[in-house]
Amino acid sequence: MKRNWFALAAGVLMFSTVASSMSSPWWRAEIGSGLITVNVDPFFTSFKVLGVTHVVPIIFALNVGLIALFVASGIALIIYTIKPGKGYSKHLLSFGWKRPLHVTAGFFVTLALSLYVTPLAVNAIAHDFEVPTPIVPLMGSSTIHLSNNIFNIPAQVSVTVMTTFTLSFFLGVATVALSIAARAYSRRTPGVNKPTKVETLGSTKLSSSETT
Amino acid sequence: MNKVKWCLRAVALACALAPLLCVMAQYLSAGDPLGLLIPPQLRVLMSPSALDRGGDLSSTLAALGINPSDFEMPQFEDLAFDDSTGTAILRLKITNPLTRQSIMLNRLSFTVKNGTRSFTVELKGKVIVEANYTGVVGLSFSSSDPDALRCLVNIIKGVELPAYVEDLQLSDLYIDVNGILIVAPDLGKLSELLGSKGP
């Protein structure tokens, strides 16, 4: 029975992605030099104002749920790689490979919607405000105009904004690529995840050659 | 094999829902549904007393990482010109009221004009005032024209008062404090600024 090494790599990378997210968020927006920092991450979303970190409880709960789901999927893929011949292994692959894709796609869509759709909605509802679209660039730097005078002196007051995707995001993308590769490999390679024998309660019978 | 399939589905559901239900139960049982959406540290800002503006301002500011108790505006201590380095050193007593964030003066520059003649004064390096710091901070300024900078220091200190002092104008101010940029093309006459805010 051939082993699906793509699945093993994806499983290990899932743990690495979660661990990496704890120190570096997938996407970071820094307004000013450390004045406000927004850390957007499927596993630990937070924002920092004047050095004080704030976490929204319901988002924290969602993050914890995603960590548990990601780790469970990683374990499933690793067990699938170790025991490729077991009858349940196709279910493990099916359970594990989709999760990084769902999480990464969900993260990207949520982030893009927040940056592009929210300002459109605000501008449509509150005509007094003019929020730029996107609020901040997805990646790069810009300035937000704040005021035209300071202490009654005509002056342009603005604040710099820097946004970036970090290594954790690219680890997540690599996990997605490896998961898809694991799935494709199991479909195209004969003998991978197609058990010839299935043990059922002490007896042994031939199984159908179903694929994942 | 259906058992495995259903077991995995149950694991997925438990992973996704258990933390969510725990947090929701915690806040809903306490009759505080708003707590789900607002960080605990910022709850003090949303309390009725804070909303009525009758609350404790110190605790409100503390939640934002600001300690207002010892805060003072920057105070002038000393201004001197160092002939050996050709720089002007301004000493200010500064209090950083931020409890966890340093104040960084990344750039400060301005131009002094006297008719057609002008020279630029620029802060040398960055000035960092650590969180909660109170003390004297030295700001070192250099210029493309050190002699003119020496004259400017003497004028500000009142040592020299040449006839052209009334014509001196400040322009092209650029300040970068913690990424907040202040750009003022025209600050007006130096004598007017010194008259109202000088040391």
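# Close-up views of a predicted two-chain model

Residues 24 or more positions apart account for 57% of those contacts in chain A that have a separation of 6 or more. The structure shown in these views is a predicted model, with an ipTM of 0.78 and a pTM of 0.80. For chain B the mean pLDDT is 85, and 90% of the residues reach 70 or more.

**Figure 1. Chain A combines four helices with eight strands.** Along the sequence, the elements of chain A succeed one another in the pattern α-β-β-β-β-α-α-β-β-α-β-β. Chain A comprises 212 residues, of which 34% count as buried.

**Figure 2. Helix α2 of chain A spans residues 57-82.** The 26 residues of α2(A) reach 38 Å from the first C-alpha to the last, close to the 38 Å expected at 1.5 Å a residue. Buried positions in α2(A) include A:Ala61, A:Asn63, A:Gly65, A:Leu66, A:Leu69 and A:Phe70. Further along α2(A), A:Ser73, A:Gly74, A:Ala76, A:Leu77, A:Tyr80 and A:Thr81 are also buried. The cover over these buried residues includes, from chain A, α1 (5-23), α3 (89-125) and α4 (167-188). Chain B takes part as well, and α1 (2-29) of chain B is among the elements covering the buried residues of α2(A).

**Figure 3. The two chains meet through 34 residues of chain A and 36 residues of chain B.** On the side of chain A that touches chain B, at least two residues each are supplied by β4 (52-54), α2, α3, β5 (140-150) and β6 (153-165). The largest share of that side, nine residues, comes from α2(A). By residue class, the side of chain A that touches chain B divides into 22 nonpolar, twelve polar and no charged residues.

**Figure 4. Strand β6 of chain A pairs with strand β8 (residues 180-189) of chain B.** The strands β6(A) and β8(B) run antiparallel and are joined by four bridges. Within this pairing, A:Gln156 stands opposite B:Val183 of β8(B).

**Figure 5. A positive phi occurs at A:Leu50, which is not a glycine.** Most residues other than glycine have a negative phi. The phi of A:Leu50 is about 50°. A:Leu50 is placed in the loop between β3 (46-49) and β4 of chain A. The residue A:Leu50 counts as partly exposed because it has 18 C-beta neighbours inside 10 Å, whereas a buried residue would need 20 or more.

**Figure 6. Chain B is divided into domain 1 (2-63) and domain 2 (75-197).** The C-alpha centres of domain 1 and domain 2 of chain B lie 48 Å apart. B:Gln26 lies in helix α1 of chain B. Because B:Gln26 has 14 C-beta neighbours inside 10 Å, it counts as partly exposed. Between the C-alpha atoms of B:Gln26 and B:Leu36, which are ten residues apart along the chain, the separation is 9.2 Å.

**Figure 7. Strands β1 (residues 75-82) and β2 (residues 87-95) of chain B are joined by seven bridges.** The two strands run antiparallel, and β1(B) and β2(B) form a hairpin with four residues between them. In the turn, B:Gly86 has a positive phi of about 70°. One of the bridge pairs consists of B:Phe81 and its partner B:Ala88 in β2(B).

**Figure 8. B:Ser140 is located in strand β6 (residues 134-143) of chain B.** Leaving aside residues up to four places away in sequence, B:Ser140 touches B:Thr87, B:Ile89 and B:Lys124. The C-alpha atoms of B:Ser140 and B:Lys126 are separated by 9.5 Å, and these two residues are 14 residues apart along the chain. B:Ser140 is partly exposed because 15 other C-beta atoms lie within 10 Å.

**Figure 9. B:Asn178 is found in the loop between β7 (169-177) and β8 of chain B.** The phi of B:Asn178 is positive, at about 50°, although B:Asn178 is not a glycine. With 19 other C-beta atoms within 10 Å, B:Asn178 is partly exposed. The count at B:Asn178 therefore does not meet the criterion for a buried residue, which is 20 or more other C-beta atoms within 10 Å.

Terms used: Residues are numbered from 1 along each chain as its sequence is written. Chains are lettered from A and ligands numbered from 1 in the order in which they are written. This is a predicted model: local features need pLDDT of at least 70, side-chain atom pairs count only at pLDDT 80 or more; totals for chains, interfaces and linings use all residues. The expected span of a helix is 1.5 Å times one less than its number of residues. A residue is buried if 20 or more other C-beta atoms lie within 10 Å of its own, exposed if 12 or fewer, and partly exposed in between; C-beta atoms are placed from the backbone. Two residues are in contact if their C-beta atoms, placed from the backbone, lie within 7 Å. Ala, Val, Leu, Ile, Met, Phe, Trp, Tyr, Cys and Pro count as nonpolar, Asp, Glu, Lys and Arg as charged, and the others, Gly among them, as polar. Two strands pair if DSSP finds at least two bridges between them. Domain bounds come from an automatic or database domain assignment. pLDDT is the predictor's confidence in each residue, from 0 to 100.
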